[in-house]
Amino acid sequence: MTQQKKKVSVSDLASMKGSEKIAVLTAYDYSTSLICDRAGVDVLLVGDSAGMVVLGHPSTVPVEMSEMLMFCGAVSRGAKRAMIVGDMPFGSYQPSTSMAVENAIRFIKAGCDAVKLEGGAEIADKVSAIVEAGVPVMGHIGLKPQTSSLWEGYKLQGRTADAAVRLFHDAKALENAGVFSIVLEMVASEAAEMITKKVSVPTIGIGSGPGCDGQVLVLHDLLGIYEDIKPRFVKRYAELAKPILDAVASYAQEVKAGKFPGDQNTFHMDANEAAKMGRKK
Ligand code: KIV
């Protein structure tokens, strides 16, 4: 765990490329943000995956700006060191460049240090406008869940040499537009490694093998508390669904049996005051 206490900056991440791997994790609320920050995660991504793991939608598409801004505010109040990246939801940057810039600024006002947008060369103009407005941007190519869920579904990207070259061109377009880092989601590891070597900014992989400059996972996947989908690339560092279920079931049983609250969880009146109500001392 790194000892640095000051906020992780864009230039810190740039200097980690090739020397220290970058640990990124999603977070959506104050309490887990505090814990992840203390654990030494470099970047907390307030992902639109919140739509699935927190709000229960079948994809990330329905998440609204107002919901994302609320999650971002909570996460920013928990983290002292980690950089906070807010994920711009579907519909918040596609319609126009001015809308993209305005919404990116709303993320910064909500407490984020940067924003993330899904897309390659086709959104490079929007990325450069946001960067010119002073907001650091993280790119996201490979599997793009906001639109993949509407078209071909969740599939491995960059499986052929031609597909890998197309992804590389997207990465270059984002680099030229000024992104400080690029998420590579579900990209064949050989393609991810090639892109990582050829771009100057750090790549953050999810399901893209060990050759990336950093890794990101969805917190609920890592902790084993989201059970609807279990992608093969996820490593579960804990299986917390069962202990949470057991704890909540014990609570419900104790309430029904009159065992909770016990005396240690109960506040009492002064005995003389209770006596006035007819209680025996
Ligand atoms: O929304 C999210 O959690 C993400 C990561 C999976 C990269 O975009």
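The following exchange concerns the ligand site and the domains of a predicted model.

Author: In this predicted model, local features need pLDDT of at least 70, side-chain atom pairs count only at pLDDT 80 or more, and totals for chains, interfaces and linings use all residues. Residues are numbered from 1 along each chain as its sequence is written, and side-chain values use heavy atoms, with hydrogens and water left out.

Reader: What makes Thr26 a residue that surrounds the ligand?

Author: A residue is near a molecule if one of its heavy atoms lies within 4 Å of it. Thr26 is therefore listed around the ligand, and the list also includes Leu45, Gly47, Lys116, His140 and Val218.

Reader: How do you know that the side chain of aspartate 48 is in polar contact with the ligand?

Author: A polar contact is a pair of N or O atoms within 3.5 Å (within protein, one must be able to donate a hydrogen and the other to accept it, and residues adjacent in sequence count only if both atoms are side-chain atoms). An N or O atom in the side chain of aspartate 48 is 2.9 Å from a ligand oxygen, so the pair qualifies. For aspartate 87 the corresponding value is 3.1 Å, and for a polar side-chain atom of serine 49 it is 2.5 Å. The protein buries 95% of the 250 Å² that the ligand exposes when taken alone, with accessible areas from the Shrake-Rupley method and a 1.4 Å probe (for residues, only the protein chains shown count as cover).

Reader: Why is Gly47 counted in the polar class of the shell?

Author: Ala, Val, Leu, Ile, Met, Phe, Trp, Tyr, Cys and Pro count as nonpolar, Asp, Glu, Lys and Arg as charged, and the others, Gly among them, as polar. The shell accordingly has four nonpolar, four polar and three charged residues.

Reader: What makes residues 10-239 and 243-279 two domains?

Author: Domain bounds come from an automatic or database domain assignment, and that assignment gives domain 1 (10-239) and domain 2 (243-279). Their centres, taken over C-alpha atoms, are 45 Å apart.
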